[in-house]
Amino acid sequence: MDTTYPFAPLSPPPVIRQVDIGTCQLAHLGRTAIYLVQDIDVVNGTQTSVELTYTAANGDVLRGFNVGTHMQTGPTTSTFTSTTTLTGGTGRFANAT
(Lines give C-alpha, C1' and ligand atoms only; values in the text may rest on other atoms or scores of the structure.)
Protein backbone atom coordinates (compact mmCIF):
# COMPACT_ATOMS: atom_id res chain seq x y z
CA MET A 1 0.00 0.00 0.00
CA ASP A 2 1.36 3.42 -0.98
CA THR A 3 0.26 6.46 0.95
CA THR A 4 0.85 10.04 -0.07
CA TYR A 5 0.08 13.18 1.84
CA PRO A 6 -0.71 16.39 0.04
CA PHE A 7 1.39 19.37 1.01
CA ALA A 8 -0.42 21.40 3.62
CA PRO A 9 0.49 25.10 3.31
CA LEU A 10 1.68 26.59 6.56
CA SER A 11 -0.03 29.65 7.92
CA PRO A 12 2.12 32.76 8.12
CA PRO A 13 3.68 33.52 11.48
CA PRO A 14 1.75 35.98 13.61
CA VAL A 15 4.92 38.08 14.04
CA ILE A 16 7.18 38.97 11.13
CA ARG A 17 10.69 40.31 11.75
CA GLN A 18 11.44 42.99 9.16
CA VAL A 19 14.88 44.50 8.49
CA ASP A 20 15.05 47.93 6.81
CA ILE A 21 18.36 49.34 5.57
CA GLY A 22 18.56 52.57 3.63
CA THR A 23 19.13 56.30 3.64
CA CYS A 24 16.96 59.27 4.45
CA GLN A 25 17.27 63.04 4.70
CA LEU A 26 16.82 64.39 8.24
CA ALA A 27 16.71 68.09 9.11
CA HIS A 28 19.60 68.17 11.63
CA LEU A 29 21.58 65.18 10.37
CA GLY A 30 21.47 65.62 6.58
CA ARG A 31 21.85 62.47 4.49
CA THR A 32 21.56 59.70 7.05
CA ALA A 33 21.86 55.92 6.97
CA ILE A 34 19.03 54.10 8.73
CA TYR A 35 19.03 50.58 10.13
CA LEU A 36 15.77 49.27 11.59
CA VAL A 37 14.82 45.82 12.80
CA GLN A 38 11.20 45.59 13.84
CA ASP A 39 8.68 42.95 14.80
CA ILE A 40 5.34 43.33 13.02
CA ASP A 41 2.44 41.54 14.69
CA VAL A 42 0.01 40.91 11.84
CA VAL A 43 -2.69 39.56 14.15
CA ASN A 44 -2.76 42.45 16.64
CA GLY A 45 -1.77 45.18 14.14
CA THR A 46 1.25 46.40 16.07
CA GLN A 47 4.91 47.05 15.39
CA THR A 48 7.83 47.31 17.81
CA SER A 49 11.43 48.02 16.93
CA VAL A 50 14.17 45.67 18.08
CA GLU A 51 16.97 47.95 16.89
CA LEU A 52 16.90 51.43 15.36
CA THR A 53 19.94 53.50 14.43
CA TYR A 54 20.53 56.59 12.34
CA THR A 55 24.14 57.16 11.26
CA ALA A 56 25.15 60.67 10.20
CA ALA A 57 27.70 61.31 7.45
CA ASN A 58 30.44 61.90 10.06
CA GLY A 59 29.76 58.49 11.68
CA ASP A 60 27.87 59.75 14.75
CA VAL A 61 25.08 57.30 15.63
CA LEU A 62 21.66 58.23 17.01
CA ARG A 63 19.81 55.34 18.67
CA GLY A 64 16.14 54.94 19.44
CA PHE A 65 13.14 52.66 19.41
CA ASN A 66 9.66 52.90 18.00
CA VAL A 67 6.26 51.49 18.86
CA GLY A 68 3.20 51.79 16.70
CA THR A 69 0.52 50.23 14.59
CA HIS A 70 0.39 48.31 11.34
CA MET A 71 -2.60 48.07 9.05
CA GLN A 72 -2.76 46.08 5.84
CA THR A 73 -4.23 48.36 3.18
CA GLY A 74 -4.15 45.96 0.24
CA PRO A 75 -2.88 42.55 -0.79
CA THR A 76 0.74 43.77 -0.86
CA THR A 77 0.61 47.14 0.89
CA SER A 78 0.53 48.28 4.52
CA THR A 79 0.44 51.52 6.47
CA PHE A 80 2.67 51.97 9.52
CA THR A 81 2.26 54.66 12.17
CA SER A 82 4.70 54.90 15.07
CA THR A 83 6.33 57.11 17.65
CA THR A 84 10.11 57.09 17.91
CA THR A 85 11.84 57.70 21.23
CA LEU A 86 15.53 58.65 21.12
CA THR A 87 17.80 56.89 23.61
CA GLY A 88 21.29 58.32 23.03
CA GLY A 89 24.10 57.49 20.70
CA THR A 90 27.68 58.38 19.96
CA GLY A 91 29.51 61.65 19.33
CA ARG A 92 27.16 64.62 19.36
CA PHE A 93 24.25 62.26 20.10
CA ALA A 94 25.75 60.73 23.24
CA ASN A 95 23.10 62.30 25.50
CA ALA A 96 20.23 62.52 23.02
CA THR A 97 16.70 62.03 24.34
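1. Start with the contact map. Among the contacts in the chain with a separation of 6 or more, 33% are between residues 24 or more positions apart. Keep in mind that this is a predicted model. A few of the specific pairs that link distant parts of the chain come up below, under the salt bridges.

2. On secondary structure, there is little to untangle: the chain has five strands and zero helices. Read from the N terminus, the elements go β-β-β-β-β. The five strands form an open sheet, ordered β1-β2-β3-β4-β5, with antiparallel pairing. At the edges stand β1 (15-26) and β5 (78-89); each has a single partner strand, so one side of each has no neighbour in the sheet. From one strand to the next, the twist averages 20°. As a reminder, strands of a sheet pair through backbone hydrogen bonds, in either a parallel or an antiparallel way.

3. Two of the strand pairings are worth a look in the viewer. β2 (residues 30-41) and β3 (residues 46-55) run antiparallel and are joined by nine bridges. If you want a register check there, Val-37 sits opposite Glu-51 in β3. Further along, β4 and β5 are also antiparallel, with eleven bridges between them. These two strands make a hairpin, and five residues lie between them. For the register of that pairing, use Val-67, whose bridge partner in β5 is Thr-83.

4. Surface totals, in case you need them for a quick comparison: the chain exposes about 6900 Å², and 58% of that comes from carbon and sulfur atoms. Of its 97 residues, 27% count as buried.

5. What surrounds the side chain of Gln-47? First the setting: Gln-47 is in strand β3, and it is buried, because its relative accessible area is 2% and the cut-off for buried is under 20%. Leaving aside neighbours within four places in sequence, Gln-47 is in contact with Gln-38, Asp-39 and Ile-40, with Asn-66, Val-67, Gly-68 and Thr-69, and with Phe-80, Thr-81 and Ser-82. Two backbone oxygens come up to its polar side-chain atoms. The oxygen of Thr-69 is 3.2 Å from a polar atom of the Gln-47 side chain, and for the backbone oxygen of Thr-81 the distance is 3.4 Å. I'd keep both distances in view when looking at this residue.

6. How many salt bridges are there? The count comes to two. One is between the side chains of Arg-17 and Asp-39, at 2.7 Å from N to O. This pair links distant parts of the chain, with Arg-17 in strand β1 and Asp-39 in strand β2, 22 residues apart. As for solvent, Arg-17 is exposed, with a relative accessible area of 52%, while Asp-39 is partly exposed at 22%. Asp-39 also turns up in the contact list of Gln-47.

7. The other salt bridge is formed by Asp-60 and Arg-92, whose closest N and O atoms are 3.7 Å apart. Asp-60 is in the loop between β3 and β4 and Arg-92 is in the segment after β5, so the pair ties together parts that are 32 residues apart in sequence. Are the two partners buried or exposed? Asp-60 counts as buried, since its relative accessibility is 13% and buried means under 20%. Arg-92, on the other hand, is exposed, with a relative accessible area of 51%.

8. Asp-60 deserves a point to itself. It is in the loop that precedes β4 (61-72) and follows β3. Besides the salt bridge with Arg-92, there is a backbone approach: the backbone nitrogen of Arg-92 lies 3.3 Å from a polar atom of the Asp-60 side chain. So which residues touch Asp-60, once neighbours within four places in sequence are left aside? They are Tyr-54 and Thr-55, plus Thr-90, Gly-91, Arg-92 and Phe-93. One more spacing to note is that of Asp-60 and Thr-32, which are 28 residues apart in sequence and 10.0 Å apart in space, C-alpha to C-alpha.

Methods
Residues numbered from 1 in each chain as written. Predicted model: local features only at pLDDT ≥ 70, side-chain atom pairs only at ≥ 80, totals over all residues. Heavy atoms only, no water. Pairing = 2+ DSSP bridges. Helix = DSSP H or I, 4+ residues; strand = E, 2+ residues; numbered from the N terminus. Axes fitted to C-alpha atoms, helices over the stretch in contact; angles between N-to-C directions. Contact = heavy atoms within 4.5 Å. Polar contact = N/O pair within 3.5 Å; in protein donor to acceptor, adjacent residues only side chain to side chain. Buried < 20%, exposed > 50% of the residue type's maximum accessible area, 1.4 Å probe, protein only. Salt bridge = Lys/Arg side-chain N within 4 Å of Asp/Glu carboxyl O. Areas by Shrake-Rupley, 256 points an atom, 1.4 Å probe, with all protein chains shown as cover.
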